[in-house]
Amino acid sequence: MYQIFIWLYQIGVWVGSLFSEKIRKMWVGEHDAYHILEEKVDPSARYVWFHAASLGEFEQGRPLIEHIRKEWPEYKVLLTFFSPSGYEVRKDYKGADICCYLPIDTISNARRFLRMVRPEMAFFIKYEFWYNYLHILKHRGVPTYSVSSIFRPDQIFFKWYGRSYRKVLYCFSHFFVQNEKSRELLRQLNIGCVSVVGDTRFDRVLQIKEASKRLPIVEAFVEGTQGVFVAGSSWEPDEDVFIPYFNQHKEWKLIIAPHVVSEDHLRSIEEKLNRKTIRYSTASAESASAAECLIVDCFGLLSSIYHYGTVAYVGGGFGAGIHNVLEAAVWGIPVIFGPENKHFQEAQELIEAQGGLEITDLRTFDTVMSRLMRDTDFRARSGRQAQEYVKGKAGAMRRIMESINV
């Protein structure tokens with residue numbers, strides 16, 4: 001059944017590549033992967049393989065990659081991606097010796113790929129369960145780890161119709177899961193090689209905080225203001241919630257770093273704002289200081305921009321799901337987000353820690369934001385609890401490395 005699904009999926013990707021630039025990049029990238037391996041694989045080297053679906057999963061695996069490079073210099077690192085949104089951003093990542101797409105999970109692709117690389121260890125991040133690759137790794141006796149994985153009863157592994165695909169779970173040498181519920185679900189399948197270590201993203205955001213950079217334009221923009229609202233990874237439904245509020249309440253300045261940085265989206269934001277606005281790419285320190293809203297029209301700055309915020313808003317909560325709330329929480333500021341957060345453990349725990357604040361519409365945003373602006377004690381306490389939550393959850397990377405035998 002799985003092989004039929006993969007065959008149909010390949011046809012779908014091929015058809016999609018004719019109409020979508022993103023899918024076309026993935027289609028071409030998967031075929032180019034073998035050329036990259038032929039050119040870069042050193043037959044005498046010892047490889048550790050990390051696979052991440054996209055950028056978020058890469059960030060979860062990054063602390064492990066960098067620790068291994070430091071502590072085990074005898075190994076080289078192979079990094080593979082499934083999605084263009086991961087590969088196209090991190091294809092030049094210096095922590096990996098080789099970076100490429102992972103060819104689709106057919107038996108022939110898996111055999112060819114693993115003959116070329118011959119990894120001595122493999123790490124699959126979070127939700128990555130590639131049936132054919134994992135079965136061949138097990139057959140070859142390669143230690144294979146699932147990192148920062150999280151399991152829920154509604155996943156296919158725990159359904160009657162998922163019995164065949166469930167076999168993929170028995171290919172892992174060890175699971176490093178995020179919570180006790182995941183360990184219990186795996187125990188029900190008689191899988192005992194499980195450790196509850198938490199989420200490596202907590203280690204990663206602390207690293208990012210330490211390595212954050214000064215941004216003179218943002219510093220000029222925020223200087224002397226009463227407060228700064230930073231909206232990160234926002235989509236149009238998010239902007240329709242917070243922009244009307246700040247068109248009316250002009251005491252604070254507003255920084256918007258949209259998830260999609262297209263000209264159409266940027267113009268849409270500007271049209272909705274009834275305030276003096278400037279884009280980051282065209283701003284000088286002088287023009288930024290005179291503006292009331294700064295639109296960040298480039299990538300790679302958001303994690304550092306949160307440092308300048310008084311309150312953060314993380315987008316995606318009115319769509320498929322919220323983006324990374326930890327990047328904001330680590331700076332010790334309250335974090336607001338929309339209702340689509342139930343499958344995000346860190347968001348649920350942040351709410352419980354009283355550092356995260358859920359809103360569902362314009363009215364609830366008005367209530368939450370007005371209190372944060374008015375009640376400085378509440379705002380400070382919420383921010384402090386957000387930061388303490390992140391610090392208290394760190395350490396997954398250390399616990400994982402203590403359990404791995406080289």
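Glu263 counts as partly exposed, at 36% relative accessibility. Its place in this predicted model is helix α11, which covers residues 263-272. Arg267 lies in that helix too, 4 residues along, or about one turn of the helix. The side chains of Glu263 and Arg267 meet in a salt bridge, with N and O 2.9 Å apart. Arg267 is partly exposed as well, with a relative accessible area of 48%.

Salt bridges can also share partners. One network of this kind joins Glu59, Arg62, Glu66, Arg90 and Arg204. Take one of its pairs. Arg90 forms a salt bridge with Glu59, and the closest N and O atoms are 3.4 Å apart. This pair links distant parts of the chain. Arg90 belongs to helix α4 (residues 84-90), while Glu59 belongs to helix α3 (residues 55-71). In sequence, 31 residues separate the two. How do they sit relative to the surface? Arg90 is partly exposed, with a relative accessible area of 26%. Glu59 is buried, at 13%; the cut-off for buried is under 20%.

Another pair is Arg214 and Glu219. Their side chains meet in a salt bridge of 2.8 Å, N to O. Arg214 is exposed, with a relative accessible area of 60%. Glu219 is partly exposed, at 25%. Across the whole structure, a search finds 25 salt bridges.

Now turn to a charged residue without such a partner. Asp297 is found in the loop between β11 (293-295) and α13 (302-305). Asp297 is buried, yet has no salt bridge. Which side chain of opposite charge is nearest to Asp297? That side chain is Arg279, 4.7 Å away. A salt bridge needs the nitrogen and oxygen within 4 Å, so the 4.7 Å between Asp297 and Arg279 does not qualify. Asp297 does have a polar contact: its side chain meets the side chain of Ser281 at 2.4 Å. Leaving out residues up to four places away in sequence, Asp297 touches Val261, Leu266, Arg279, Tyr280 and Ser281.

Follow the loop to helix α13, and Ser303 comes into view. At 14% relative accessibility, Ser303 counts as buried. Beyond its neighbours within four places in sequence, Ser303 is in contact with Ile208, Glu327 and Trp331.

Strand β10 (residues 277-279) holds Ile278. Ile278 is buried, with a relative accessible area of 13%. Which residues does Ile278 contact, apart from neighbours within four places in sequence? They are Ala283, Ser287, Ala288, Ala291, Cys293, Leu294 and Ile295. For one of these, Ala288, the spacing can be given. Ile278 and Ala288 are 10 residues apart in sequence and 6.9 Å apart in space, C-alpha to C-alpha.

Between α11 and β10 runs a loop, and Arg275 is part of it. Is Arg275 buried or exposed? At 8% relative accessibility, it counts as buried. The side chain of Arg275 has backbone oxygens beside its polar atoms. The backbone oxygen of Phe246 lies 3.0 Å from one polar atom of that side chain. The backbone oxygen of Lys250 lies 3.3 Å from a polar atom of the Arg275 side chain. Not counting residues up to four places away in sequence, Arg275 touches Phe246, Asn247, His249, Lys250, Trp252, Lys253 and Glu292. Ser195 gives a sense of scale. Arg275 and Ser195 are 80 residues apart in sequence and 51 Å apart in space, C-alpha to C-alpha.

Step back to the whole chain. How many helices and strands are there in the chain? There are 18 helices and 14 strands. The radius of gyration is 23 Å, close to the 22 Å that the globule rule gives for 406 residues, so the chain is as compact as a globular protein of that length. Along its principal axes, the C-alpha trace spans about 65 × 45 × 45 Å. Buried residues make up 55% of the 406 residues. Among contacts between residues at least 6 apart in sequence, 65% join residues at least 24 apart. The accessible surface comes to about 18500 Å², and 51% of that belongs to carbon and sulfur atoms.

Key
Residues numbered from 1 in each chain as written. Predicted model: local features only at pLDDT ≥ 70, side-chain atom pairs only at ≥ 80, totals over all residues. Heavy atoms only, no water. Buried < 20%, exposed > 50% of the residue type's maximum accessible area, 1.4 Å probe, protein only. Lys, Arg positive; Asp, Glu negative; His and termini not counted. Polar contact = N/O pair within 3.5 Å; in protein donor to acceptor, adjacent residues only side chain to side chain. Contact = heavy atoms within 4.5 Å. Rg over C-alpha atoms; globule rule 2.2 N^0.38 Å. Areas by Shrake-Rupley, 256 points an atom, 1.4 Å probe, with all protein chains shown as cover.
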